[in-house]
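Trainee: Please choose a single part of this structure and describe it closely. I should then like to follow the description outwards to the remainder.

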Amino acid sequence: INMAEGEVAPKDGAVDNPAVCGFWASDGGECHIFEDKITAQLTYEELIGDGSERLHGRLEAISGSPDAWQASLMILEEGQGPWYGPSCGPKPEMVGDIKVSLKKKSAEEGGAWQLQTQVKTEDDDDWSVPVLFKPLED
C-alpha cells in the first residue's frame, strides 16, 4: 500500500465505516457496536431483560452490501467475557442471527446516520421487521 506521509495504514479487520461504532437507541432499547479489543472484530452487544444478560455477536461484512453486517448471537451473563475459543470454556449456545446496516437520512431529514437491525431466532424462518436506532448523544 502506498501511504502518504503521516498516514496510518488501517489494521486488518478495520471498520470500513466508523459511523457504525457507538451506542445506539431505539424505542425498544439500546445497543453498542464496537471493535473488540483483542480481535479488532466489529462486535454487537445489547442488554436484555433486567440487564444481567446481553446478546453478543461478532459482525462480519455482508458481501455486496456496503455498510451491512451479520452476526450469530449468543447470550452472555453479567461479568462474562466474550468467547474467544476453547481456552474460554465451552462455546455459548447460539440463539439467533442479526443483520445490521447503516442508513443515511436524506438532507431534508437532517442527514444523520441511522442503524437498522433485523433479528432471526433459531426458531424463525424469516427475519423480523426492521428496527431503527439513532445514535445516542455523548
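**A charged pair and its setting**

Mentor: Glu45 has a relative accessible area of 15%, and is therefore classed as buried; that word denotes under 20%, exposed denotes over 50%, and partly exposed lies in between (1.4 Å probe, protein chains only). This is a predicted model, in which local features need pLDDT of at least 70 and side-chain atom pairs count only at pLDDT 80 or more, while totals for chains, interfaces and linings use all residues. Residues are numbered from 1 along each chain as its sequence is written, and side-chain values use heavy atoms, with hydrogens and water left out.

The partner of Glu45 is Arg54: the two form a salt bridge in which the closest N and O atoms are 3.0 Å apart. The term requires a side-chain nitrogen of Lys or Arg within 4 Å of a carboxyl oxygen of Asp or Glu. Arg54 is also buried, because its relative accessibility is 15%. The structure holds one salt bridge, and so the pair of Arg54 and Glu45 merits a close look. Across the 138 residues of the protein chain, 33% count as buried.

The framework around the pair may be considered next. The protein chain has zero helices and nine strands, where helices (H or I, at least four residues) and strands (E, at least two) are DSSP runs numbered from the N terminus. Its pattern along the sequence is β-β-β-β-β-β-β-β-β.

Strand β3 (residues 42-48) runs antiparallel to β2, and four bridges join the two; strands are said to pair if DSSP finds at least two bridges between them. Within this pairing, Tyr44 of β3 stands opposite Ile33. Ile33, in β2, is also the bridge partner of Gly22. Strand β2 (residues 29-35) is thus linked to β1 (residues 22-26) as well, by five bridges in an antiparallel arrangement. The hairpin from β1 to β2 passes through two residues, whereas the hairpin of β2 and β3 has six residues between the strands.

Ala40 belongs to the loop between β2 and β3. Although it is not a glycine, its phi is positive, at about 65°. Most residues other than glycine have a negative phi. Ala40 counts as buried, since its relative accessibility is 12%. Asp67 likewise has a positive phi, near 55°, without being glycine. Its place is the loop between β5 (60-61) and β6, and a relative accessibility of 23% makes Asp67 partly exposed.

Returning to β1, one finds two bridges that join this strand to β9 (residues 131-135), again antiparallel. Here Ala25 stands opposite Lys134 in β9. Strand β9 is further joined to β8 (residues 113-121) by three bridges, and these strands also run antiparallel. One pair of bridge partners there is Thr117 and Val131, the latter in β9.

Finally, the surface presents charge in another setting. Glu93, Glu122, Asp123, Asp124, Asp125 and Asp126 gather there in a patch of negative charge; such a patch takes residues with over 30% relative accessible area and no salt bridge, joining like charges within 9 Å. Among its members, Glu93 is found in the loop between β6 (68-77) and β7 (94-104). Glu93 counts as exposed because its relative accessibility is 65%, whereas Glu45 is buried at 15%.

Terms used
Patches are made of residues with over 30% relative accessible area and no salt bridge: like charges are joined within 9 Å, nonpolar side chains (Val, Leu, Ile, Met, Phe, Trp, Tyr) within 5 Å. Accessible areas come from the Shrake-Rupley method with a 1.4 Å probe; for residues, only the protein chains shown count as cover. Lys and Arg count as positive and Asp and Glu as negative; His and the chain ends are not counted. The place of a charge is taken as NZ of Lys, CZ of Arg, CG of Asp or CD of Glu.
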